[in-house]
Amino acid sequence: MPETLIKVDLTKPAPSNEMVHNRWHPEVPMACWVNPGDDFVLETYDWTGGFIKNNDSADDVRDIDLTTVHYLSGPVGVKGAEPGDLLVVDLLDIGAKDDSLWGFNGFFSKTNGGGFLTDHFPAAQKSIWDFHGMFTSSRHVPGVKYAGLIHPGLIGTLPDPKMLADWNAREQALIDTNPTGNLANPPWAATAHAGKATGAVKDKIGAEGARTVPPREHGGNCDIKDLSRGSKIFFPVYVDGAGLSVGDLHFSQGDGEITFCGAIEMAGWVHMKVQIIKGGMAKYGIKNPIFKPSPITPTYNDYVIFEGISVDESGKQYYLDVNVAYKQACLNAIEYLKKFGYSGAQAYSILGTAPVQGHISGVVDVPNACATLWLPTQIFDFDINPSAAGPIKHLDGSIDMPISYDLK
Ligand code: ZN
């Protein structure tokens with residue numbers, strides 16, 4: 001058996017574990033070291049460090065302090081890795097922890113986090129998903145069951161000082177265009193967890209450390225559902241040892257992770273192997289990570305595909321805006337699923353968690369971008385195809401997702 005280099009105890013608070021961290025900074029001390037060619041296991045908390053519970057209330061989703069996330073296992077130092085190399089990471093296997101065979105999906109309150117469709121779903125809501133081996137189903141979302149396309153939402157290498165300074169400068173410049181607009185998240189010392197760092201180094205990481213919310217050049221929070229077990233990823237290396245960290249495991253996710261309080265979020269473990277391609281960044285012209293897909297994916301191959309264009313629900317015209325177009329495709333799918341008896345929240349949760357595909361279909365036909373959302377038909381217990389007979393309401397509305405309104 002490969003050695004488990006980082007362990008997490010789900011009964012203890014994540015900030016008490018010095019093998020995890022929640023900020024990106026070149027001075028986060030390596031949690032452990034490995035050699036090229038080694039394979040090993042890292043356990044991870046769910047991205048919130050266990051804040052979201054397996055219960056029937058959405059109060060935790062409403063009340064979470066989003067400056068605490070994401071709790072990442074690492075950084076793992078790889079001996080011999082130097083700036084300019086590529087770190088090759090094989091995701092040999094990924095699983096849930098034996099004492100935590102469940103995950104959560106939710107929507108943040110519009111006043112704390114929001115999300116892709118927050119104007120339509122402004123209150124905190126949550127669904128719990130149970131794992132049955134490689135399959136999942138939810139007591140809050142009946143009539144649907146599917147195989148997990150399990151992956152880390154977040155995996156990346158440490159930035160060097162210049163890259164970190166560039167990140168902070170460019171994101172602050174964006175924030176400055178609309179300081180109350182929640183455009184990005186600047187460093188936030190109060191809830192920074194710097195792993196093994198102490199004293200002045202810890203304070204420096206708190207003051208300067210980049211938040212883990214966005215994807216960046218080093219990978220990070222890419223939330224790519226296809227970066228699943230069996231994938232091989234090639235990361236740029238910016239610091240000696242590379243400093244690989246991973247967390248935010250997802251049992252399953254639809255393209256876009258549109259629900260934002262995640263995919264099906266879980267605690268778990270990653271079995272991985274690391275190697276180095278010396279000078280690989282220049283050899284292959286790499287600026288952002290590249291990866292090879294897994295040979296194993298669920299074979300859902302029949303879909304109902306929803307189109308969306310860059311005209312929003314109020315009728316406003318946007319210029320080739322793929323974000324608006326994908327939003328419309330998602331809203332169209334939600335309206336369709338409601339005809340079978342789902343609540344809007346349940347339909348939204350399915351789009352955020354199931355192996356739903358999102359495609360950019362056209363970006364040149366002015367003024368409308370076209371995006372499509374591919375909803376697999378085989379994940380449902382009943383036929384969702386359109387027909388002359390019309391949709392049959394299979395669900396009676398007696399089960400819905402817990403909702404928590406803001407205390408104001
Ligand atoms: Zn996640």
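Reader: Why is F260 called partly exposed?

Author: F260 has a relative accessibility of 31%, and buried means under 20% relative accessible area, exposed over 50%, partly exposed in between (1.4 Å probe, protein chains only). F260 therefore counts as partly exposed. The model is predicted, with pLDDT of at least 70 needed for local features and 80 or more for side-chain atom pairs, while totals for chains, interfaces and linings use all residues. Residues are numbered from 1 along each chain as its sequence is written, and side-chain values use heavy atoms, without hydrogens and water.

Reader: Why is L320 called buried or exposed?

Author: The relative accessible area of L320 is 19%, so L320 is buried.

Reader: What makes the phi of F260 and of L320 notable?

Author: Phi is near 65° in F260 and about 50° in L320, positive values in residues that are not glycine. Most residues other than glycine have a negative phi.

Reader: Which atoms are the protein donors of the zinc ion?

Author: They are D248 (OD), H250 (NE2), E265 (OE) and E265 (OE), lying 1.9 to 2.4 Å from the zinc ion. Donors are N, O and S atoms within 2.8 Å of the metal (3.2 Å for Na, K and Ca); water is not among the atoms, so sites may look incomplete.

Reader: Why is the site of the zinc ion called irregular?

Author: Angles among its 4 donor atoms run from 54 to 130°. Four donors count as tetrahedral if all angles lie between 85 and 135 degrees; four count as square planar and six as octahedral if opposite donors are over 155 degrees apart and all others between 65 and 115; anything else is irregular. The site is therefore irregular.
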